[in-house]
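Colleague: Please take one part of this model and go through it closely, strand by strand and helix by helix. Then place it beside the rest of the fold.

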Amino acid sequence: MSGRLTVVGLGPGNAGQVTPEAGSAVAEAAFLYGYKPYLDRLDLGPHQQAVASDNREELARAREALARAAEGHAVAVVSGGDPGVFAMAAAICEAIEAGPPQWRALDIAIVPGVTAMLAVAARCGAPLGHDFCAISLSDNLKPWDLIELRLLAAAGAGFVIALYNPISKARPWQLGRAFEALAAVLPGTVPVIFGRAAGRPDERIEVVPLALADPAKADMATCVIIGSPETRIIRRDGRPALVYTPRSATGPVR
């Protein structure tokens with residue numbers, strides 16, 4: 001079978017953060033599938049066809065792309081950030097597992113990208129300098145009780161926590177609930193980073209203590225990083241503060 005499917009991470013939106021490997025994968029594809037705002041970032045040639053779909057149609061998109069690749073075409077499925085972090089790589093694998101045998105015979109490649117928490121962290125210093133985790137606050141594919149359990153476990157173990165999908169029009173309350181749950185475990189002085197559109201012209205980065213963290217500061221273009229009790233802020237005259245988590249740690253949250 002000559003078909004090939006590549007899942008490509010386009011990074012957080014800054015053209016300079018698209019890796020050369022990702023750029024080459026896009027250039028080699030005849031058909032490109034993805035969420036329209038991600039496809040709109042691409043400069044495609046006349047021989048290439050973009051197939052856009054809504055951001056909540058990941059599995060249907062994966063099946064359509066796999067079917068196209070099974071016809072013998074070179075296909076790319078694009079994701080913002082990294083395709084393996086709450087994105088299309090897992091949807092492709094899920095579709096292959098449940099799909100027809102010929103999909104398993106395809107040449108499949110996953111091309112990594114800069115994920116949002118890395119872009120936000122780089123703007124602030126090194127908040128991910130010690131152990132950290134990433135949690136999606138979307139309860140579309142898992143129950144809220146499980147999300148809250150994971151938040152409390154991560155905070156109690158001293159992890160820095162990167163929150164993806166923190167809030168949307170359809171899910172306006174989850175981030176507030178997350179802050180309330182974490183405030184029961186963490187000191188109110190723990191830094192919270194609201195990183196919106198890191199690296200893009202509409203970038204907005206703000207650092208506040210957990211006690212003052214306002215969910216209204218976030219939208220779906222925001223990655224929220226919640227420090228651990230070890231996380232520190234270095235104030236600098238006339239320059240942005242540096243937020244970092246030391247490479248060593250003293251123990252779990254008490």
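Modeller: In this predicted model, alanine 134 has its bridge partner in β8, namely alanine 162. That bridge belongs to the pairing of β7 with β8 (residues 160–164), which runs in the parallel sense over five bridges. The two strands are part of an open sheet of five strands, ordered β7-β8-β11-β9-β10, and the pairing in this sheet is mixed. β7 (132–136) and β10 (204–209) stand at its edges with a single partner strand each, so one side of each has no neighbour in the sheet. On average, neighbouring strands here are turned by 20° against each other, direction ignored.

Two helices that pack on this sheet can be described next. Helix α6 (residues 116–124) touches β7, β8, β9 (191–196), β10 and β11 (222–226). The direction of α6 makes about 65° with that of β11. Helix α7 (residues 144–156) also packs on the sheet, touching β7 and β8. Its direction makes about 165° with that of β7.

α7 has a helix partner as well. Helix α8 (residues 174–183) packs with α7 at an angle of about 40°, the axes being 10 Å apart, and the crossing is right-handed. From α7, the residues in this contact are Trp144, Glu148, Leu151, Leu152 and Ala155. They meet Gln174, Arg177, Ala178, Ala181 and Leu182 of α8. By class, the contact of α7 with α8 holds seven nonpolar residues, one polar and two charged.

The other sheet to set beside this one is an open sheet of five strands in the order β3-β2-β4-β1-β5, with parallel pairing. Its edges are β3 (49–53) and β5 (107–111); each has a single partner strand, so one side of each is left without a neighbour in the sheet. Neighbouring strands of this sheet are turned by 20° against each other on average, again with direction ignored. Strand β2 (residues 31–35) runs parallel to β3 and is joined to it by five bridges. Within that pair, phenylalanine 31 has glutamine 49 of β3 as its bridge partner.

Helix α1 (residues 20–28) packs on this sheet and touches β1 (4–9), β2, β4 (74–79) and β5. The direction of α1 makes about 140° with that of β1. Helix α3 (residues 58–70) packs on the sheet too, in touch with β1, β2, β3, β4 and β5, and its direction makes about 175° with that of β2.

α3 also meets helix α4 (residues 88–98): their axes come within 9 Å and cross at roughly 65°. This crossing is right-handed. Glu58, Leu59, Arg61, Ala62, Arg63 and Leu66 of α3 face Met88, Ala91, Ile92, Glu94, Ala95 and Ile96 of α4 in the contact. The residues there divide into eight nonpolar, no polar and four charged.

One pocket remains to be placed. The second largest pocket holds about 160 Å³ of space. Its lining consists of Leu10, Gly13, Asn14, Ala15, Val18, Gly23, Val26, Arg41, Leu42 and Asp43. Five of these lining residues are nonpolar, three polar and two charged.

Definitions and conventions
Residues are numbered from 1 along each chain as its sequence is written. This is a predicted model: local features need pLDDT of at least 70, side-chain atom pairs count only at pLDDT 80 or more; totals for chains, interfaces and linings use all residues. Side-chain values use heavy atoms; hydrogens and water are left out. Two strands pair if DSSP finds at least two bridges between them. Helices (H or I, at least four residues) and strands (E, at least two) are DSSP runs, numbered from the N terminus. Axes are lines fitted to C-alpha atoms, for helices over the stretch in contact, and angles run from 0 to 180 degrees between N-to-C directions. Contact means heavy atoms within 4.5 Å. On a 1 Å grid over the protein atoms alone, a cavity is a set of points where a 1.4 Å probe fits but cannot get out, and a pocket is an open set with protein on both sides within 12 Å along at least five of seven lines; lining residues have an atom within 4 Å of a point. Grid points are joined across faces, edges and corners, and a volume is the space filled by probe spheres set on the points. Ala, Val, Leu, Ile, Met, Phe, Trp, Tyr, Cys and Pro count as nonpolar, Asp, Glu, Lys and Arg as charged, and the others, Gly among them, as polar. A crossing is left-handed if the near helix is turned anticlockwise from the far one by less than a right angle, and right-handed if clockwise.
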